Amino acid sequence: MGRQKSTALTLKAMLAESPWFQTLDLAERAQVLQDSYERHLLPGAHAMRCGEPADCWIGVIEGLVKMSVSQPDGRHATLTGVTHGGWAGEGSLLKPGPWRYDGVALRTTRLACVPRYLFEQLVATNLAFNHFLLAHLNARLSLFVGLVEYDRLLRADARVARCLASLFHPTLYPQATPFVQLSQEEIGLLSAMSRQRANEALHELERAGLLRVEFRGVTVLDLPGLRDYPGSEDARATTQPGALAAL
DNA sequence: CCATTAAACACCC
DNA sequence: GGGTGTTTAATGG
């Protein structure tokens, strides 16, 4: 126990720092603090498994959860990653039935779990909480709209850029700091590419001055630049096959 | 043909 | 020991 890592929060601190918690009145806060619980996951363990009962709303205190879908033939697609400070699962909780996605811990992970009945009670009675949920869902929507574009139109370097930038959405990840603690393998998993391709992409982004590749992670230097990498104007330097090759 | 990846390797934090 | 950086052969569009 007692392991004190840099940003390790307690369950209560994690709840207290979550934006939606601020929307609750005192009684609601007390109930959330009392009835929420913590789960510890080893790498590879499921935070949620498609088809199993969706019995709580899940926040990431520490670690990394990869959201994905899979098909019977074993192929699977990564949807997004949830890092510390992020909340996930509200989509499945908003209607009856089981989880509709898989959530897999990519490394040792601690989860904050808010029981389903509490989540439903807040949705039914607390307008401010609903406002938070709308903003949260809207943020998720724009993330996935961007994902379709990214999957269909962008090359690998740009996919990594977008994947990293998405971890800085203030609504989804209020606790984000410039240093992103993701190994290159994890970045590859989230960006749907191999580790060495992710490595190559990261160095391209570093060359572009958008981030610094570091030990077990990257530090983001230019978030807007990452968001619309490779940009439209001064991207001539990098190889840009396809689009304007005719000229 | 080209890009990407899995596998394997040697560094080094 | 795990995360990197790099090379190799294999794979698929």
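This passage describes the contact between the two domains of chain A in a predicted model. Local features were taken at pLDDT of at least 70 and side-chain atom pairs only at pLDDT 80 or more, whereas totals for chains, interfaces and linings use all residues. Residues are numbered from 1 along each chain as its sequence is written, chains are lettered from A, and side-chain values use heavy atoms, with hydrogens and water left out.

Chain A is divided into domain 1 (10–130) and domain 2 (154–236), with bounds that come from an automatic or database domain assignment. The centres of the two domains, taken over C-alpha atoms, are separated by 25 Å, and the contact (heavy atoms within 4.5 Å) takes 16 residues from domain 1 and 11 residues from domain 2. About 1200 Å² is buried between the domains, 56% of it on carbon and sulfur atoms; buried area is the accessible area (1.4 Å probe) that two parts lose on being put together, summed over both.

One salt bridge is counted between domain 1 and domain 2, the criterion being a side-chain nitrogen of Lys or Arg within 4 Å of a carboxyl oxygen of Asp or Glu. The side chains of Arg107 and Glu186 meet in a salt bridge, with an N to O distance of 2.8 Å.

On the side of domain 1 that touches domain 2, two or more residues each are given by helix H1 (11–17), strand S4 (64–70) and strand S5 (76–83), where helices (H or I, at least four residues) and strands (E, at least two) are DSSP runs, numbered from the N terminus. Strand S5 gives the most to this side, with five residues.
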